[in-house]
Every structure is written in structure tokens, then in C-alpha cells.
Number of protein chains: 2
Amino acid sequence: MSVENLPEMIPHYTPGAERLLAAASDLFYRDGIHAVGVDTIAAAAGVTKKTLYDRFGSKEALAVAYLRGRDARWREYLEQELAQAPAGSVERILAVFDISARWALTNSDKGCSAINARAEMDDATHPVAVEAIRQKKWMRDVFAGLCREAGLADADRVADILMLLYEGGLVTVGMGTFADPFAAGREAAAAILGAARGSDH
Amino acid sequence: MSVENLPEMIPHYTPGAERLLAAASDLFYRDGIHAVGVDTIAAAAGVTKKTLYDRFGSKEALAVAYLRGRDARWREYLEQELAQAPAGSVERILAVFDISARWALTNSDKGCSAINARAEMDDATHPVAVEAIRQKKWMRDVFAGLCREAGLADADRVADILMLLYEGGLVTVGMGTFADPFAAGREAAAAILGAARGSDH
DNA sequence: GACCGAGTATACAGATCTGTATAGCGTGCG
DNA sequence: CGCACGCTATACAGATCTGTATACTCGGTC
């Protein structure tokens, strides 16, 4: 039965839809959602506008699919890389910052797609904003889970702080405020985690 | 002579320009720059579109004025509040997070205008993006200056970390990932600054 | 009294926006 | 064969976009 409802979870796109989503992802991330027209997306994908509406129904739905696709790739990369660090260790928590730095090198030169997309929507209940906020809460819960696995007493509070450092890193990469922000974030996280572990004993 | 060139630094707007900038600030921040048309701005300000172009020349210039105006208000508020904390103290550094939390209550419910504006521009050399990046570097330098005044040896590195916590707080307020992020940021900053001061002696 | 600055009112140009409509082509499949 | 599906091609509707043009009003100031 798990195979039966899999197509609902992971949509299987037609070739045209695949190219549309790839083109939209590039354009939405680079220029912003409002700044890119559906004609531009269709042309970049090498399909007609009708195909776009047949597959996705609206520009809004395509934007949500863009956010979901980016997030799915990030989650897959993160979980795969995290598996290489010893479970339940502080090193595994710190590894998130190394992984983020590597990911940012090729994927996040303009910051976080979720933050940027949220900024373009006036309403927090807009489907695009809802998806963006969902992704952020998921990431904070990843930190909280890692902290609990590492046996930290105040896992939730430490997770909040780690999330601040992580978000700051994403933004700083996008703005170019200073170089290698995730290294600074890792350094700070190590100090915080050292203190948190120390207070346990 | 300082009075002579003051008008160049602080532009004196006509009444119409004043209302235009106020209306544009609200709309640009709420909906995003690309999502708001000049007709909407002019109507909200109660002036005609011609007045907008007579005063600002272009929508792009109005957007830059919007970012500059917001930043000027933030800087004024920050410097005024900072003056109430003892100079050269760690408390003064931590006060930035309290001040940010208060400011965010009434001004930053959708995150940082500079980050959000930058996200809408494809090119880092676009005037709007240039202004946004300038503001971020200024804020990092504020942290560095406060760290140096407090006598920290590794002021620049600590300033980077403080900037991450600050940026993370702004983003988290905008996304609503968790409550009261600047309190968590202050807590983390206190731990980092305690360690930095400890390593000095 | 002439002039100028700030503003109103209105219309327009030319482009671009999202979304729909109509007609047809080609391939795989039962 | 027949037929559904994914797609192309083209045209269009109706709205909205930035920016400009023309003509006018009103208040202060030299």
C-alpha cells in the first residue's frame, strides 16, 4: 500500500513539466517570483504556455512546486551527508554548518529561496508563504532532533540558537556581508554546544 | 560650511514627496517592490503619478529612497538607545538584541527590508541591491566597533558571529519560525562574549 | 505684474502580465 | 483501428505595467 500512494507524495512529472520546473527554479531564484512572467518560463523550458497551465494549473502552483523541489533536494543532500557523522554526537550537529557551506557554494548564492519567496508575499496564508514557513519549521526541528539525540538537556533552546546561526549564514551568503559565514556559525555553535554539554554534568 | 552641504546629505522633501515616500515604504515592505505599481503608490499618497516622477525620477530611485529612509530611522533609533548603555561594556553589545526586539515589534514583522529587497534584484550591482548590501556591512561594522570598544581581542571574528545571530533574528521574526528570537540571540551572544572576554585574560 | 515651483487632471504609448481558446500533430497502447 | 495523452502553434482577452505629454491651477516671491 505504500507503493500505491507514493505517486501522491512524489509527483511524476512529464518531460515538459520537468523542463518547466527546472527553468522556473532558475528564474524564480535569480529574479524573484513576481519579476518572472509565464511566457519567459515557457520559452526557457522550450514549451508553450498551454503546457505550463495544463501541467501546473497556475503560476502560483508552479511557484509552490519550485519551493518544494528545492527543499526536497536540500533535505536529501542534508540527510545523506549527515549519515556520515556519528549518530548522537555534537560533531553531527556541527556538520550541518559544513554541509550548508558546501551546499551554498553551488545552490544559495542569492540566499534562501524560502526567505526570499516569503518576502514577496503580503499574506502569511498565501500558499507560497505557507510552504516557506513550513520548511523553516522543519529545519528548526532537525536541529532540535539532533540536540536531543546528543543528549542535551535544553535541546529546544539550543536548537533555536543553532537556527539563528544557520539563518544568519544563509542571509550572509546572499548579501556578501563577510566571507565564509558558515565557518563563523560552526565556531559559535561549537562554543554554545560546549557550554550546553558542560552544564549537563 | 557643515550647514551648507547638509541639504545634500538629508534631502528635504516636498509635502507630496513626503507622502509618496511614506506610502511607498508601507507598500514596498508589505508586498515587495515588484508587486507594487506606481499607480498604486501615487493613489495611496493622494498625488498624481506625475508628481511621483517629478520628485523621484523613477520607481527605482523611489525604491532606493525607501531603503535609505528605513535605514536612517533604524540607525537613529539604534544610536539613541545604545547611548543609554555604558560605553565600552559587554552589556552595550547585548543591548543591540534588546533594541532589535523592540524595533521588530512595530517595524519588522515581515523581516528585513534590505534582505527582502536584495532578493528581488537579479544583479548585485543594481542600485537597490547596492544600497541593501551597504546597510548590512554598516551593521556588521557597528558590531565590530562595539567589540573593539569593549576591548575584545578578536573583535572582528566575534562581530561576524554577532551579525549571524542578528540576521537570524530578523529572518526568524519575519518567518515566525519560533517566538522571541532576539532573546535567544542575546542569550547566545552573552555566552560567546563571555568566552571571548575569558580568553583575553 | 511676471514668474516659478508644486501640484492636479487626464490621456496616451508601448510593453508585459496571467490565463483561455481553438485547432492540430505524433506516439504509444489496448 | 481507435483513442487518449502530451505537446505545438497561434491568437486573443482584459488587465496592468512604467513612463511621458499636455494643459491647467494655486501660492508665494522677486
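How many nonpolar, polar and charged residues does the surface near DNA strand C have? Here is a quick walk through the model, with that point picked up below.

1. First, the ground rules. This is a predicted model, where local features need pLDDT of at least 70, side-chain atom pairs count only at pLDDT 80 or more, and totals for chains, interfaces and linings use all residues. Residues are numbered from 1 along each chain as its sequence is written, chains are lettered from A and ligands numbered from 1 in the order in which they are written, and side-chain values use heavy atoms, with hydrogens and water left out.

2. Start with the DNA. Around DNA strand C sit 19 residues, where "near" asks for a heavy atom within 4 Å of the strand. The closest are A:Val38, A:Asp39, A:Lys49, A:Lys59 and B:Gly16. Of the strand C atoms that come within 4 Å of the protein, 57% belong to sugar and phosphate.

3. Back to the opening question: that surface has six nonpolar, seven polar and six charged residues. In this scheme Ala, Val, Leu, Ile, Met, Phe, Trp, Tyr, Cys and Pro count as nonpolar, Asp, Glu, Lys and Arg as charged, and the others, Gly among them, as polar.

4. Now some phosphate neighbours. A:Lys59 puts a polar side-chain atom 2.7 Å from a phosphate oxygen of DNA strand C. From chain B, the side chain of B:Thr14 has a polar atom 3.1 Å from a phosphate oxygen of the strand, and for an N or O atom in the side chain of B:Thr51 the distance is 3.0 Å.

5. Next, the two protein chains. Their contact (heavy atoms within 4.5 Å) takes 43 residues from chain A and 43 residues from chain B. Together they bury about 3600 Å², 69% of it on carbon and sulfur atoms; buried area is the accessible area (1.4 Å probe) that two parts lose on being put together, summed over both. On the chain A side, A:Leu164, A:Met175 and A:Thr177 lose the most area to chain B, together 20% of what that side buries.

6. Finally, the charges. There are two salt bridges between chain A and chain B, a salt bridge being a side-chain nitrogen of Lys or Arg within 4 Å of a carboxyl oxygen of Asp or Glu. One joins B:Arg157 to A:Glu187, at 3.1 Å from N to O.

Notes
A polar contact is a pair of N or O atoms within 3.5 Å; within protein, one must be able to donate a hydrogen and the other to accept it, and residues adjacent in sequence count only if both atoms are side-chain atoms.
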